[in-house]
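These are my notebook entries on one structure, written for a reader who has not met it before. Each entry records what I looked up and what I found.

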Amino acid sequence: MLFRSIVLMYTGSILGAGFASGREIWQFFGVFGDEGIWGVLIVGCLFILTGLMTCFIAKKKISCQMGEIIVPFDGEWGSKIISGFMAFVLYGVPVIMSAAAGALFKQQFNLSPYLGGGLMIIAVTITVIGGIDRISSVFKIMMPLLLMVILYIAFRMILGGIEASTTTETINTGPLTKNWFVSAILYFSYNVLAIIPIVGTSINHSKSDVHGILGTVLGGVIVATLAFVILLALLKDRNFSQSMALPMLGYSAKFGMMEGLIYSAILLLAMYGSATGNYYGFTTRIKDDKNKKKKIIAFAVMGYVLSFIGFKNVVAYMFPIMGYIGLLIILMLMLNFFKIAVWRK
């Protein structure tokens, strides 16, 4: 696997509906104004450092299993508990992305949300069943297009190609993210849950260690840069950004109907990418046997049934909760890194 493939998979696992729509960036950074910029810079550094630690551990243990990468103490029970918990969290992301796809189908096209969520789950399942090679191939085609369109809309906003709205909204922080620094840490900690299985698998399937490390570092840089550009765009009209559930989609629609339709398609791609990366991480927990594909399909169907929840409330409540839980995962990952790199010397 070349480093370019690792970069695209890394990026795609994070660029979900919340990120590409601007909802996450606004909720975790934009509501704090200029202070949010510092939050993005901190998150970028943490993505890179955590990715490198994951590379080191996965390579030393020659393992892609989340429990073995994360847990710093010996004993199968600890690894199984953490691995099971991680699988549960990762399983929640495709459920959320399916719900987001359903909401987008209803809002933008006036079609049944059941159709949107169902198509999302089907596409994700077919891709994941094909394994890491199929995921890599899909991301090679999808991610460059996604990045170009997001940057195009964001730079049009930054350069002043849109009139300020007359909307007056009270800009409120999330109920669980009252401080810009805490908000940045929570954003990082719940996103890193998707990165660990992707990086762990990539480093053990890369053409060389250099390709694995470069892909991980560049992936973190791209995610942070894209978040920074979107944040600058959203700060151009704070009241409008606060008023919209999907701010970037709202801005794109202001440029014209075609731009709105194109960005809707891009949002669907972003949902698909994030759901695929996370669902693949979940399926690494399923035992490799002749029934694995059937189990993947069964869990996907269950996810579809669970998918009809409020997307805006998920970003405000569920994501920060996942972030607090993710802090424990990060702490154990760090301990495991120091245990392998320092204490065993």
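**Entry 1. Isoleucine 203**

I began with isoleucine 203, which I located in helix α9. The model is predicted, and I keep that in mind for every entry. I asked whether isoleucine 203 is buried or exposed. With a relative accessible area of 3%, isoleucine 203 is buried, because the cut-off for that class is under 20%.

I then looked up which residues isoleucine 203 touches, not counting residues up to four places away in sequence. I noted Cys55, Ala58, Lys59, Asp209, Gly212 and Ile213. I also looked up the separation of isoleucine 203 from threonine 54: the two are 149 residues apart along the chain, yet their C-alpha atoms are separated by 8.9 Å.

**Entry 2. Serine 202**

I turned next to serine 202, which also has its place in helix α9. Its relative accessibility is 1%, so I recorded serine 202 as buried. How far apart are the C-alpha atoms of serine 202 and alanine 58? I found a separation of 9.4 Å, for two residues 144 apart along the chain.

**Entry 3. The chain as a whole**

I then looked up the overall make-up. I counted 15 helices and 0 strands in the protein. Of its 345 residues, 56% are buried. I also checked the contacts between residues at least 6 apart in sequence, and 83% of these join residues at least 24 apart.

**Entry 4. Confidence**

I looked up how confident the predictor is. The mean pLDDT of the protein is 82, and 89% of the residues reach 70 or more. Where is confidence lowest, and where is it highest? I found the lowest in helix α2 (residues 17-20), at a mean of 76, and the highest in α7, at 92. As a reminder to myself, predicted coordinates should not be read in detail where pLDDT is low.

**Entry 5. The largest pocket**

I moved on to open spaces. The largest pocket holds about 500 Å³ of space. Its lining comprises 24 residues, and those nearest its centre are Gln65, Thr284, Arg285, Ile286 and Asp288. I noted that α5 (66-70), α6 (76-109), α7 (113-129), α9 (180-205), α13 (257-283) and α14 (292-305) each give two or more residues to this lining. Which element gives the most to the lining of the largest pocket? I found that α6 does, with 4 residues. Sorted by class, the lining of the largest pocket has 10 polar, 8 charged and 6 nonpolar residues.

**Entry 6. The largest cavity**

I then turned to enclosed spaces and counted 3 cavities of 30 Å³ or more. The largest cavity contains about 130 Å³ of space. I recorded 15 lining residues for it, with Val93, Tyr190, Asn191, Ser274 and Asn278 nearest the centre. At least two residues of this lining come from each of α1 (3-14), α6, α9, α13 and α15 (311-343). Here α9 gives the most, with 4 residues. By class, I noted 9 nonpolar, 5 polar and 1 charged residue in the lining of the largest cavity.

**Entry 7. The second largest cavity and threonine 125**

The second largest cavity has about 50 Å³ of space. Helices α6, α7 and α14 each supply at least two residues of its lining. I found 8 nonpolar and 2 polar residues there, and no charged ones. Among the lining residues are Ile121, Thr125 and Ala300.

I followed one of these residues further. Threonine 125 lies in helix α7. Its relative accessible area is 9%, and threonine 125 is therefore buried. I looked up where its side chain reaches, and found the backbone oxygen of isoleucine 121 at 2.7 Å. Leaving aside neighbours within four places in sequence, I noted contacts of threonine 125 with Ile296, Ile297 and Ala300.

**Entry 8. Asparagine 110**

I closed with asparagine 110, which sits in the loop between α6 and α7. Most residues other than glycine have a negative phi. Asparagine 110 is not a glycine, yet I found its phi to be positive, at about 55°. Is asparagine 110 buried or exposed? Its relative accessibility is 60%, so I entered asparagine 110 as exposed.

How values were computed: Residues are numbered from 1 along each chain as its sequence is written. This is a predicted model: local features need pLDDT of at least 70, side-chain atom pairs count only at pLDDT 80 or more; totals for chains, interfaces and linings use all residues. Side-chain values use heavy atoms; hydrogens and water are left out. On a 1 Å grid over the protein atoms alone, a cavity is a set of points where a 1.4 Å probe fits but cannot get out, and a pocket is an open set with protein on both sides within 12 Å along at least five of seven lines; lining residues have an atom within 4 Å of a point. Grid points are joined across faces, edges and corners, and a volume is the space filled by probe spheres set on the points. Ala, Val, Leu, Ile, Met, Phe, Trp, Tyr, Cys and Pro count as nonpolar, Asp, Glu, Lys and Arg as charged, and the others, Gly among them, as polar. Buried means under 20% relative accessible area, exposed over 50%, partly exposed in between (1.4 Å probe, protein chains only). A polar contact is a pair of N or O atoms within 3.5 Å; within protein, one must be able to donate a hydrogen and the other to accept it, and residues adjacent in sequence count only if both atoms are side-chain atoms. Contact means heavy atoms within 4.5 Å. pLDDT is the predictor's confidence in each residue, from 0 to 100.
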